[in-house]
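Hi,

Here is the structure I promised to pass on. Please open it next to this note and follow along.

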Amino acid sequence: MKKNQKVAVEQLEVGTFIRLPISWKDHPFLFSSFKIKNSAQIELIKGLGLKDVFFDPEKSDIEPVTSDKPEQAPTEEELTALKEQMLSDKTTKIDEQKKLKRDLKKTEQQFERSVAMMRSMVSKISSRPLNAVTEAKDLINNLTNMLLNSDNLALHLMSDAKNDEHIYHHTLNVAMLCMLMAKELGWSREEVETVGIGALFHDIGKLKVPSTILSKRVPLSAPEENFIKQHPLMSINFLKLADSFPEEAKPLIANHHEFLDGSGFPQGLKADELDKLSQLIAVVNEYDNLCNGTSQFKGKPPSVALGMLYKSYNEKLNSEYVSKLIKMLGIYPPGSIVELSSGQFAMVMSVNLQQLLYPNVIVYDQLVPKDQAPIVSLQNHNMSIVRSLPAAALPKKIHAYLSPRDKISFGISAI
């Protein structure tokens with residue numbers, strides 16, 4: 001049987017997965033595609049005046065044929081009451097969706113302000129290093145206040161970085177995730193701030209690397225590779241101009257590419273030579289690089305990147321910190337493309353760190369315009385995630401609708 005075959009409404013049974021061929025605004029159901037749960041839903045569909053709907057056999061429990069023993073149809077009064085309740089629930093959930101979008105927009109605006117501050121700091125680091133460090137301390141102080149003063153935090157997916165802003169997005173990703181992990185690990189406020197300000201400047205040395213090398217898509221020559229591997233020490237040299245930069249943050253800048261087994265760079269240090277802040281930023285920096293890739297390799301989906309950290313870096317990275325990162329982000333981090341128990345495709349937009357299995361997702365619905373696409377809380381809609389999948393596996397029209405991020409950036413908010 002072909003997928004999405006048109007069938008008569010009279011043939012519908014409990015367990016069939018259907019799509020309603022009318023506007024989302026013209027029916028009481030939360031989604032236009034769903035699996036029928038009871039006979040009352042069938043009666044409501046009949047009440048819409050439809051003769052046919054689309055049936056998906058792959059997502060159905062039963063074929064759409066007339067049952068020999070149909071369930072007793074609900075009375076007209078019961079149907080009216082059910083429809084009113086469904087419309088009320090739909091209105092409530094639409095209001096909830098609007099709030100989720102407002103919260104996401106607010107976090108996006110805050111993130112953009114942070115990007116602007118990063119741009120300002122980078123422009124001042126050579127000519128006015130003290131000003132740059134002062135601005136960085138203000139940014140980190142504000143982030144620390146939010147992290148430490150809230151027990152309920154959410155991690156949100158941000159928009160793609162502009163072509164010239166990838167370094168700022170990467171820097172903020174690493175800083176925020178490092179600070180969040182430091183909090184989760186029970187570190188002191190001073191340590192949270194130290195790892196944060198160090199992370200803000202960990203890649204500043206790349207300003208000394210020619211863009212022709214950083215953006216090179218063919219394999220680097222040995223001299224080019226050796227040169228780029230010196231960028232952590234170049235970052236330290238930049239900061240020698242700023243007397244006010246905290247000394248305790250410098251090791252993590254110098255060591256953010258060092259591995260426990262001595263296979264990292266630039267100095268090939270081993271575990272006993274690396275303090276805990278250096279070991280923490282190495283985990284977060286590697287995760288963000290795996291997600292976002294470089295000119296030399298394509299980024300991985302967030303869930304795949306976490307899996308790679310767990311399986312392939314057990315000798316290189318602190319296993320406690322890797323486990324904490326996985327536990328903190330969950331198995332479906334923001335940016336993950338997923339299939340829901342409803343049969344729909346979605347993209348994870350935000351994760352409540354207290355409810356990791358029930359993220360907020362943006363859901364594909366072909367009858368809802370892209371700019372009105374619902375962002376829903378899986379916990380409040382009795383849905384779950386069946387699997388994650390690469391963005392490339394999505395049909396073209398769904399890919400265009402969900403707009404998976406080429407680069408993954410995070411914003412943190414208190415909720």
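**Around D203**

D203 sits in the loop that runs between helix 5 (189–200) and helix 6 (211–214). Keep in mind that this is a predicted model.

Is D203 buried or exposed? It is buried, with a relative accessible area of 3%. Two histidine side chains meet the side chain of D203. One belongs to H170, in a polar contact of 3.3 Å. The other belongs to H231, in a polar contact of 3.1 Å. Which residues does D203 touch, leaving aside its neighbours within four places in sequence? They are I167, H170, H231, S235 and H256.

**Cysteines**

How many disulfides are there? The count is zero. A disulfide needs two cysteine sulfur atoms within 2.5 Å. For C178, the nearest cysteine sulfur is that of C291, and it is 14 Å away. C178 is therefore in no disulfide by that cut-off. Seen from C291, the nearest cysteine sulfur is that of C178, again at 14 Å, and C291 is in no disulfide either. Both residues are covered. C178 is buried at a relative accessible area of 0%. C291 is buried too, at 3%.

**Helix 1**

Helix 1 spans residues 39–46 and is mostly covered, with six of its eight residues buried. Those buried are S39, A40, Q41, I42, L44 and I45. What covers them? The cover includes strand 2 (17–19), strand 3 (33–35), strand 4 (52–55) and helix 2 (76–124).

Look at the start of the helix as well. N38 caps the N-terminal end of helix 1. A side-chain oxygen of N38 lies 3.2 Å from the backbone nitrogen of A40.

**The four-stranded sheet**

Strands 2, 3 and 4 come up again here. They belong to an open sheet of four strands, in the order 1-4-2-3, with antiparallel pairing. Why is one side of strand 1 (5–8) and of strand 3 left without a neighbour in the sheet? Both strands stand at the edges, and each has a single partner strand, so one side stays unpaired. Neighbouring strands of this sheet are turned by 40° against each other on average, direction ignored.

For strand 1, the link to strand 4 is antiparallel and is made by four bridges. To find the pairing on screen, start at Q5, which stands opposite F55 in strand 4.

**Strand 5**

Strand 5 covers residues 153–157, and five of its five residues are buried. Both of its faces are covered. L153, L155 and L157 are buried on one side. A154 and H156 are buried on the other.

Strand 5 also pairs with two other strands. With strand 11 (residues 410–414) it pairs in the antiparallel sense, over five bridges. With strand 7 (residues 345–352) the pairing is antiparallel as well, through three bridges. A154 is a handy residue to click on, with a bridge partner in each of these strands. In strand 11 the partner of A154 is S413. In strand 7 the partner of A154 is N352.

**In short**

D203 is buried and its side chain makes polar contacts with those of H170 and H231. There are zero disulfides. Helix 1 is mostly covered, and strand 5 is covered on both faces.

Best wishes

Definitions and conventions: Residues numbered from 1 in each chain as written. Predicted model: local features only at pLDDT ≥ 70, side-chain atom pairs only at ≥ 80, totals over all residues. Heavy atoms only, no water. Buried < 20%, exposed > 50% of the residue type's maximum accessible area, 1.4 Å probe, protein only. Polar contact = N/O pair within 3.5 Å; in protein donor to acceptor, adjacent residues only side chain to side chain. Contact = heavy atoms within 4.5 Å. Pairing = 2+ DSSP bridges. Axes fitted to C-alpha atoms, helices over the stretch in contact; angles between N-to-C directions.
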